[in-house]
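Here are a few notes to read with the structure open beside you. Take them one at a time, and find each residue on screen as you go.

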Amino acid sequence: MGGGPAGCTASAAAAREGARTLLIEATANLGGSGTAALVPCWCPFSDKKQIIYRGLAEQVLERCKKHQPEVPAEQLDWVPIDPELLKRVYDELMAENGAQVLFQTMLSSVECNAAGEVEAILVTNKAGLHALKAKVYVDCTGDADVSAWAGAEFQKGDEGGDVMPATHCFILSNVNEEVFKTTLENGAVLMGNHAKTRIYDIIKSGRYPLITDAHVVAMRIGPGTLGLNAGHLWNVDNTNPESVSRAMSQGRKLAAQFRDAFAEFYPEAFANAFLVVSGSLIGSRESRRITGDYILTIDDYGARRSFPDEICRNAYYIDLHHSKKDAEEHTAERADGLSHQPLNYGPGESHGIPYRCLTPKGLRNVLVAGRSISCDRPVQASIRVMPVCLATGEAAGMAAAHAVQSHGGDVHAVDTARLRSRLLAEGAYLP
């Protein structure tokens with residue numbers, strides 16, 4: 001369930017292992033945050049020394065770069081995303097590995113028995129309401145919908161239930177590219193953490209009331225075309241349809257205000273800029289986190305801890321975005337949008353993610369991959385990004401196939417030594 005980065009690699013890996021695999025996606029394309037939500041670039045794939053999100057994750061990155069001649073072959077971090085290209089890359093990945101895909105299909109209910117097994121899921125699409133049965137279910141919804149509806153324990157947000165703000169990404173075209181690359185130093189003065197930024201002038205002007213903080217990331221994704229991850233939308237609960245609906249409407253207004261503000265305050269590059277599209281999905285950073293057989297903690301992160309059952313490594317910093325109150329009080333001091341100084345690793349440093357973070361307690365035949373795996377809130381701010389989701393997805397899909405083939409569907413019984421051996425054989429980074 002869920003055709004974002006985790007769902008795509010989970011489906012490809014399960015099918016590659018020989019399991020009959022169906023990927024169910026609510027929208028009309030695969031890719032989630034990188035396509036429908038228009039996130040404009042990949043977070044780093046390296047630990048500042050080498051690529052560490054390998055296997056299918058590396059395949060996805062390299063397939064994209066093959067058709068992006070402007071991206072240097074050696075670039076591994078902050079690679080721009082062409083959303084239409086990425087849609088096709090994921091389509092091809094499914095077809096090559098033999099996974100079936102069902103688009104425009106929504107999860108409607110989860111049927112469980114007393115033994116903690118999911119017996120069926122109910123889905124809705126143009127053909128009506130259907131029950132689908134499988135030996136193992138991999139929850140890649142981003143919100144742990146399958147797990148939560150099946151009765152699994154989970155946490156959401158901070159102690160009061162507040163989650164990180166969302167962002168509604170958008171694309172601007174007809175940007176003066178030469179000015180953007182030279183006078184604007186390749187977009188750096190759009191960033192809130194740049195000494196010469198003019199974003200504060202926009203905020204202080206009061207003419208664009210929805211622009212209230214300095215979070216702006218601009219990335220060239222095509223000729224004269226920028227993808228923007230800009231602004232924050234607070235108090236958005238991705239599990240609440242009313243909340244998301246309000247945010248989508250506000251996000252579209254916010255995107256239009258950014259276009260107009262840039263045209264006024266950055267006329268050398270944006271005087272004739274055109275707002276092409278805003279995301280058809282909201283950019284949600286945080287939602288439910290399952291309680292698994294192991295909860296990855298900030299202490300594990302700080303210790304660069306390794307685990308005997310780890311299925312991938314992670315080196316991304318703790319990217320915890322601020323609350324609305326923090327934004328109002330500390331916009332100038334915390335212009336990058338973070339709620340604290342990020343905890344950064346040095347070159348070559350990373351931590352492991354154990355398989356036990358993918359196995360929800362109390363559910364026999366369900367795995368979770370992506371941003372909802374079992375961890376505490378600070379660590380979720382690191383593991384939520386797309387390269388990590390690609391890596392946990394591949395491990396979950398492979399484990400699902402092994403659970404079916406050798407353990408009667410029991411995901412907790414998977415032989416992690418065999419799983420790690422197969423991941424290594426497929427190119428994973430498990431030092």
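1. Let us begin inside the protein, bearing in mind that this is a predicted model. The largest cavity has a lining of 13 residues, and those nearest its centre are Arg 54, Ile 311, Cys 312, Ala 391 and Ala 428. Try selecting these five to find the spot.

2. How much space lies in the largest cavity? About 80 Å³. With a cut-off of 30 Å³ or more, the count comes to one cavity. As general background, empty space left between atoms shows up when a probe the size of a water molecule is rolled over them.

3. Next, look at what surrounds that space. The lining of the largest cavity divides into nine nonpolar residues, one polar and three charged. Strand β13 (310-314) and helix α12 (386-406) each supply at least two residues of this lining.

4. Now turn to a sheet. Four strands form an open sheet, and their order across it is β9-β10-β8-β11, with antiparallel pairing. Why is one side of β9 and of β11 left without a neighbour in the sheet? Both β9 (216-222) and β11 (274-278) stand at the edges and have a single partner strand each, so there is no neighbour on the other side. On average, neighbouring strands of this sheet are turned by 30 degrees against each other, direction ignored.

5. Zoom in on one pairing within that sheet. Strand β8 (residues 170-173) pairs with β11 over four bridges, in the antiparallel sense. Here you can find Ser 173 standing opposite Phe 274 of β11. In general, the strands of a sheet pair through backbone hydrogen bonds, either parallel or antiparallel.

6. The aromatic rings deserve a visit too. The count comes to eleven aromatic pairs. One of them joins Trp 42 and Phe 45 edge-to-face, at 5.5 Å centre to centre and with 75 degrees between the planes. Phe 45 also pairs with Tyr 53: their ring centres are 6.2 Å apart and their planes stand at 90 degrees, so this pair is edge-to-face, the label for planes over 60 degrees apart.

7. Are these residues buried or exposed? Trp 42 and Phe 45 are both buried. The relative accessible area is 0% for Phe 45. Tyr 53, at 1%, is buried because it falls under the 20% cut-off.

8. One last stop: ring pairs link Phe 170, Phe 258, Phe 262, Tyr 266 and Phe 270 into a cluster. Show their side chains together and follow the rings from one to the next.

Definitions and conventions:
Residues numbered from 1 in each chain as written. Predicted model: local features only at pLDDT ≥ 70, side-chain atom pairs only at ≥ 80, totals over all residues. Heavy atoms only, no water. Pairing = 2+ DSSP bridges. Axes fitted to C-alpha atoms, helices over the stretch in contact; angles between N-to-C directions. 1 Å grid on protein atoms, 1.4 Å probe; cavity = no way out; pocket = protein on both sides within 12 Å on 5 of 7 lines; lining within 4 Å. Points joined across faces, edges and corners; volume = space filled by probe spheres on them. Nonpolar A, V, L, I, M, F, W, Y, C, P; charged D, E, K, R; others polar. Phe/Tyr/Trp six-rings, centres within 6.5 Å; stacked < 30°, edge-to-face > 60°. Buried < 20%, exposed > 50% of the residue type's maximum accessible area, 1.4 Å probe, protein only.
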